[in-house]
Amino acid sequence: MTTILVVEDEEPIRQLVSLYLIKEGFAVETAADGRAALSRVNAVKPDLVVLDLMLPEIDGWEVCRELRRSPLTEGLPIIMLTARDDLIDRI
């Protein structure tokens, strides 16, 4: 089964995203901040990370950089989840 790690600090959004993914047949793990996200990635070895950019502890950009630096997470797909709407943020 494909496992997706949902990293989102706002609980209602985290629950909603998780609910939809579970409904589609995915196994879902969650984290509420950047530090927890890095820990969960190492523990769970997800197939995909859905990552909020604006997180407490360590922001989503730094989480992404850490994941890209590690040979253990090489090739791990990351989808950025953000409420930011500037063109540069969407690109």
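# Questions on a predicted sheet and its charges

User: How many bridges join β1 to β3?
Analyst: This is a predicted model. In it, β1 and β3 run parallel. One facing pair is I4 and L48, the latter in β3. The number of bridges joining β1 to β3 is four.

User: In what order do the strands of the open sheet stand?
Analyst: The sheet has four strands, and their pairing is parallel. Strand β2 (27-31) has a single partner strand, and so does β4 (78-81), so these two stand at the edges. Each edge strand therefore has one side without a neighbour in the sheet. The order is β2-β1-β3-β4.

User: By how much are neighbouring strands of this sheet turned against each other on average?
Analyst: The four strands make an open sheet with parallel pairing. The turn between neighbours is taken with direction ignored. Its average is 20°.

User: Which residue of β2 stands opposite V6?
Analyst: Strand β1 covers residues 3-7 and runs parallel to β2. Five bridges join the two. Opposite V6 in β2 stands T30.

User: What is the bridge partner of V50 in β4?
Analyst: Strands β3 and β4 run parallel. Four bridges hold this pairing. In β4, the partner of V50 is I79.

User: How many of the five residues of β3 are buried?
Analyst: Take the two faces in turn. On one side L48, V50 and D52 are buried. On the other, V49 and L51 are buried too, so both faces are covered. The strand is largely enclosed by the rest of the structure, because the number of its residues that are buried is five of the five.

User: At about what angle does helix α1 run to β2?
Analyst: Helix α1 takes in residues 11-23. This helix lies across β1, β2 and β4. The angle to β2 is about 165°.

User: Which strands does helix α3 lie across?
Analyst: Helix α3 spans residues 60-69. The helix runs at about 175° to one of these strands, β4. The strands are β3 (48-52) and β4.

User: Which side chain of opposite charge is nearest to D33?
Analyst: D33 sits in the loop between β2 and α2 (34-44). D33 is buried and has no salt bridge. A salt bridge needs the charged groups' N and O atoms within 4 Å. At 5.7 Å, the nearest side chain of opposite charge is R35.

User: Which residue has its backbone nitrogen 2.7 Å from a polar atom of the D33 side chain?
Analyst: The D33 side chain has polar contacts with backbone. One reaches the backbone nitrogen of R35 at 3.0 Å. At 2.7 Å, the backbone nitrogen belongs to A36.

User: Which residues does D33 contact, leaving aside its neighbours within four places in sequence?
Analyst: D33 belongs to the loop between β2 and α2. It is a buried residue. Beyond the neighbours set aside, its contacts are V7, L55, P56 and E57.

User: How far apart in sequence are the parts that E29 and R40 tie together?
Analyst: The side chains of E29 and R40 meet in a salt bridge at 2.3 Å, N to O. E29 lies in strand β2 and R40 in helix α2, so the pair ties those parts together. E29 is partly exposed at 27% relative accessible area, and R40 is partly exposed at 28%. The separation in sequence is 11 residues.

User: Is E57, the salt-bridge partner of R35, buried or exposed?
Analyst: The closest N and O atoms of R35 and E57 are 3.2 Å apart. R35 is in helix α2 and E57 in the loop between β3 and α3, so the bridge ties together parts 22 residues apart in sequence. The relative accessible area of E57 is 56%, and over 50% counts as exposed. E57 is exposed.

User: Which residues do salt bridges that share partners join into one network?
Analyst: E62 is found in helix α3. The side chains of E62 and R69 meet in a salt bridge at 2.9 Å, N to O. E62 is partly exposed at 24% relative accessibility, while R69 is exposed at 54%. The network joins E62, R65, E66 and R69.

User: What distance separates the C-alpha atoms of E62 and R35?
Analyst: E62 belongs to helix α3. Along the chain, E62 and R35 are 27 residues apart. Their C-alpha atoms are separated by 10.0 Å.

Technical notes
Residues numbered from 1 in each chain as written. Predicted model: local features only at pLDDT ≥ 70, side-chain atom pairs only at ≥ 80, totals over all residues. Heavy atoms only, no water. Pairing = 2+ DSSP bridges. Axes fitted to C-alpha atoms, helices over the stretch in contact; angles between N-to-C directions. Contact = heavy atoms within 4.5 Å. Buried < 20%, exposed > 50% of the residue type's maximum accessible area, 1.4 Å probe, protein only. Lys, Arg positive; Asp, Glu negative; His and termini not counted. Polar contact = N/O pair within 3.5 Å; in protein donor to acceptor, adjacent residues only side chain to side chain.
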